[in-house]
Amino acid sequence: QSTWVSERLTHSPCALVASQWAYSGNMERIMRAQAYKKSDDPATSHFAGQKKIFEINPRHPLIKELKNRVTEQKFDQSTKDIALVLYDTAVLRSGYFLDNLADFASRVESMMRLGLNVALDEKAEEDPDDLLPPAAESTAADTPPADKDAADASSSEKPLDDEQKEEAEQSK
């Protein structure tokens, strides 16, 4: 990859742009979603593997602050995290996929902790024992799923057959 100073970015601090022969983020997403593609297709691998161009907006306040930190040699962890989050957001904004979402999430969390003045090593509080139901009384069926996707994934309902669909429509 190469980094260029952008002449076209006005509001964004940075962007990831496909080179002349590389797939754009949208095209890369389409090619990954192909149902009948070969897993080892050399053409797809070639175009998806082309170098991208990281464009920065030198007039953006975030880029200016990063430049100041580098010239003042303030190479702390927060400076590194800010630079990496800027790159990761450019990847996402341009439609590409991040290789390691866990690292991205931990960097965002550490930046939020710094922004909210929460210590980086502060742990989450444990629930008081009196708020938890006794283990003998609680069953998996009593516990609601954490989110809708989990409910859909854990549902063991069978699809409705034609008669059941007709009955359901008639009861409406």
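**A three-stranded sheet and an exposed loop**

Reader: At about what angle to β2 does helix α4 run?
Author: In this predicted model, helix α4 covers residues 77-93 and lies across two strands, β2 and β3. Taken against β2, the direction of helix α4 makes an angle of about 50°.

Reader: In what order do the three strands of the open sheet stand?
Author: The edge strands, each of which pairs on one side only, are β1 (2-5) and β2 (14-18). Neighbouring strands of this sheet are turned against each other by 30° on average, direction ignored. The pairing in this open sheet is mixed, and the order of its three strands is β1-β3-β2.

Reader: Is the pairing of β1 with β3 parallel or antiparallel?
Author: Strands of a sheet pair through backbone hydrogen bonds, and both senses are possible. Within the pair of β1 and β3, the bridge partner of W4 is E55 of β3, while V5 stands opposite I56 of β3. Four bridges link β1 with β3, residues 52-56, and the sense of this pairing is parallel.

Reader: How many bridges join β2 to β3?
Author: One partnership here is that of V17, whose bridge partner in β3 is I53. The strands β2 and β3 run antiparallel, and the number of bridges joining them is five.

Reader: Which residues of β3 point the other way from K52, F54 and I56?
Author: In a regular strand the side chains alternate between the two faces of the sheet. In β3, K52, F54 and I56 point one way, and these residues are buried. The residues that point the other way, which are buried as well, are I53 and E55.

Reader: Why is β3 described as largely enclosed by the rest of the structure?
Author: A residue counts as buried when its relative accessible area is under 20%. The strand β3 is largely enclosed because, of its five residues, the number that are buried is five.

Reader: Is N117 buried or exposed?
Author: N117 is found in the loop between α5 (101-115) and α6 (148-154), and although N117 is not a glycine, its phi is positive, at about 60°. A residue counts as exposed when its relative accessible area is over 50%. The relative accessibility of N117 is 73%, so N117 counts as exposed.

Reader: Which residues form a nonpolar patch on the surface together with L116?
Author: L116 has its place in the loop between α5 and α6, and because its relative accessibility is 65%, L116 counts as exposed. The residues of the patch have about 300 Å² of accessible area together, and those that join L116 in it are M112 and V118.

Notes: Residues are numbered from 1 along each chain as its sequence is written. This is a predicted model: local features need pLDDT of at least 70, side-chain atom pairs count only at pLDDT 80 or more; totals for chains, interfaces and linings use all residues. Side-chain values use heavy atoms; hydrogens and water are left out. Two strands pair if DSSP finds at least two bridges between them. Axes are lines fitted to C-alpha atoms, for helices over the stretch in contact, and angles run from 0 to 180 degrees between N-to-C directions. Contact means heavy atoms within 4.5 Å. Buried means under 20% relative accessible area, exposed over 50%, partly exposed in between (1.4 Å probe, protein chains only). Patches are made of residues with over 30% relative accessible area and no salt bridge: like charges are joined within 9 Å, nonpolar side chains (Val, Leu, Ile, Met, Phe, Trp, Tyr) within 5 Å. Accessible areas come from the Shrake-Rupley method with a 1.4 Å probe; for residues, only the protein chains shown count as cover. A salt bridge is a side-chain nitrogen of Lys or Arg within 4 Å of a carboxyl oxygen of Asp or Glu.
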